[in-house]
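Work through the exercises below with the sequence and the model open. Try each task before reading its solution.

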Amino acid sequence: MEVEESDRYRAPALDKGLDILELLASVDGGLTQAEISKRLNRSPNEFYRMLDRLVRRGYVTRIDGDRYSLTLKLFGLAQLHAPVRRLASYATPLMRELAQSSRQANHLAVFDRGSVVVVAQQEAPDYWGISIRVGSHISLLETGSGHVLLAFRSREEREMMIAEHARSANEATPGLDFHERLERIRAHGHEKMASAQTAGVHNLSAPILGPDGRCIAALTVPYIGLVGAASAPDIDATVALLLRTAAELSSLAGSDVPAASG
């Protein structure tokens, strides 16, 4: 009997894991082991070990005790490949223009498995500027980039991102006041905060929005006051330049969400 081409190279364990991931991706709020087995028409015992491995590898998390839900690990992996490379490529001339007009450095960052990763960077055109190397991992909770990446996601996604950060950094999750701050950032359309790492620097950060209106990257200017540079924009003018550039990048990424005016 001839074996069908689709069955020639079957990998049942891999199929089972992919079935779980695809099912969890299609629902909100997660599913119990019994619900997963019922929807996939299998015995609950067939999924216990597979779910345990997916949890241990960080692709699935347990919520409310007995429910399983996807983490953002797959999202983070995808962010580091072709879509982000394309975004960084599109962003380069606009980031260069922003550096020239603001007289400040800037960088583009994405969320990846609990932290924020810088994927593109533009130096300040003059002698003084704060720059962060491409590939640097920076804090999700203490940077303008991290705040923006969280603020422009759904509440459920925020909680998953923060939980991943807490696990990877071995830190406690923030309280209600932090979530209230994220709501204010979302309402204002950007973040403006004193740097938690460098005195005299203000992080100015704006979201790059995808077609669904969710933040796919953060564009940040580490603003420093330039003494004697009369032609350099002040901090409010720099925010306006940042928001304009972020809106252009969002448009390139397929978003039709109106940009905040700042």
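**Exercise 1.** Which residues does Ser136 touch, not counting residues up to four places away in sequence? Place Ser136 in the predicted model and classify its burial.

*Solution.*
- Step 1. Locate the residue. Ser136 sits in the loop between β5 (115-122) and β6 (137-138).
- Step 2. List its contacts. Leaving out residues up to four places away in sequence, Ser136 touches Val116, Val117 and Val118.
- Step 3. Check the side chain. It reaches the backbone oxygen of Arg133 at 2.8 Å.
- Step 4. Classify. The relative accessible area of Ser136 is 17%. Buried means under 20%, so Ser136 is buried.

**Exercise 2.** Give the strand order of the open sheet. Why is one side of β6 and of β7 left without a neighbour in the sheet?

*Solution.*
- Step 1. Write the order. The open sheet has 6 strands, β6-β5-β4-β9-β8-β7, with antiparallel pairing.
- Step 2. Find the edges. β6 and β7 (191-194) stand there, each with a single partner strand, so each has one side without a neighbour in the sheet.
- Step 3. Add the helix. α6 (residues 144-151) lies across β4 (106-112), β5, β6, β7, β8 and β9 (215-224). Its angle to β9 is about 150°.

**Exercise 3.** Describe how β7 joins β8, and sort the residues of β7 by face.

*Solution.*
- Step 1. Count the bridges. β7 and β8 (residues 201-209) run antiparallel and are joined by 4 bridges.
- Step 2. Set the register. Glu191 has Ser205 as its bridge partner in β8. Lys192 stands opposite Leu204.
- Step 3. Sort the faces. Glu191 and Met193 form the covered face of β7. Lys192 and Ala194 form the uncovered one.
- Step 4. Inspect the turn. The hairpin of β7 and β8 has 6 residues between the strands. Gly200 takes a positive phi near 85° in this hairpin.

**Exercise 4.** Is Leu140 buried or exposed? Name its contacts, not counting residues up to four places away in sequence.

*Solution.*
- Step 1. Locate the residue. Leu140 lies in the loop between β6 and α6.
- Step 2. Classify. Its relative accessibility is 0%, so Leu140 counts as buried.
- Step 3. List the contacts, with the sequence exclusion applied. Leu140 touches Phe111, Gly114, Val116, Gly146, His147, Leu150, Met161, Ile162 and His165.
- Step 4. Take one contact further. Leu140 and Met161 are 21 residues apart in sequence. Their C-alpha atoms are 8.7 Å apart in space.

Terms used:
Residues are numbered from 1 along each chain as its sequence is written. This is a predicted model: local features need pLDDT of at least 70, side-chain atom pairs count only at pLDDT 80 or more; totals for chains, interfaces and linings use all residues. Side-chain values use heavy atoms; hydrogens and water are left out. Helices (H or I, at least four residues) and strands (E, at least two) are DSSP runs, numbered from the N terminus. Buried means under 20% relative accessible area, exposed over 50%, partly exposed in between (1.4 Å probe, protein chains only). A polar contact is a pair of N or O atoms within 3.5 Å; within protein, one must be able to donate a hydrogen and the other to accept it, and residues adjacent in sequence count only if both atoms are side-chain atoms. Contact means heavy atoms within 4.5 Å. Two strands pair if DSSP finds at least two bridges between them. Axes are lines fitted to C-alpha atoms, for helices over the stretch in contact, and angles run from 0 to 180 degrees between N-to-C directions.
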